[in-house]
Amino acid sequence: MELQFEGDDLKSVLNRLRRAQGQISGVIKMIEEGRDCEDVVTQLAAASRALDRAGFAIIATGLQQCLTDAEKGDRNGETTEQMKARLEKLFLSLA
């Protein structure tokens, strides 16, 4: 399944990933500076949430595209059950 992001979807996912990237850089710097453990963990949790949200946005886009493809009958030889199993596996990988 090839994901195709456009417009606001692409911008949203990229923004979330860039936010996570910045937060991870911040965590590294905080550790190097010997900052307080609670501050480091709080920043790390924020980075984790940003990555999770980006992942869920990617999966949501994939689901939407799969449904559209299924309606058009364009499944690349994949049955509905195979598609469902593959998407469920992707979703659970973020859980």
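From the N terminus on, the protein's elements run α-α-α, which makes three helices and zero strands (DSSP runs, H or I of at least four residues for helices and E of at least two for strands, numbered from the N terminus). Please keep in mind that this is a predicted model, in which local features need pLDDT of at least 70, side-chain atom pairs count only at pLDDT 80 or more, and totals for chains, interfaces and linings use all residues. Residues are numbered from 1 along each chain as its sequence is written, and side-chain values use heavy atoms, with hydrogens and water left out.

**Overall picture**

- Of the protein's 95 residues, 20% count as buried, where buried means under 20% relative accessible area, exposed over 50%, and partly exposed in between (1.4 Å probe, protein chains only).
- The protein exposes about 7,000 Å², and carbon and sulfur atoms supply 53% of that area; the areas come from the Shrake-Rupley method with a 1.4 Å probe, and for residues only the protein chains shown count as cover.
- Taking contacts (heavy atoms within 4.5 Å) between residues at least 6 apart in sequence, 70% join residues at least 24 apart.

**Helix α1**

- Helix α1 covers residues 7-32, and its 26 residues reach 38 Å from the first C-alpha to the last, close to the 38 Å expected at 1.5 Å a residue; the expected span is 1.5 Å times one less than the number of residues.
- Val13, Ala20, Gln23, Val27 and Met30 are the buried residues of α1.
- After α1 comes Gly34, with a positive phi near 75 degrees.

**Nonpolar surface patch**

- Leu10, Leu14, Leu17, Ile24, Ile28 and Leu51 form a nonpolar patch on the surface, together offering about 450 Å² of accessible area.
- Patches take residues with over 30% relative accessible area and no salt bridge, joining like charges within 9 Å and nonpolar side chains (Val, Leu, Ile, Met, Phe, Trp, Tyr) within 5 Å.
- Helix α1 gives the largest share of the patch, five residues, while Leu51 lies in helix α2 (residues 37-72).
- Leu51 is partly exposed, at a relative accessible area of 39%.

**Salt bridge**

- The structure holds one salt bridge, meaning a side-chain nitrogen of Lys or Arg within 4 Å of a carboxyl oxygen of Asp or Glu.
- Arg35 and Glu33 are the partners, their side chains meeting at 3.9 Å, N to O.
- Side chains of opposite charge can pair when their charged atoms come close.
- Both partners count as partly exposed: Arg35 at 42% relative accessibility, and Glu33 at 47%.
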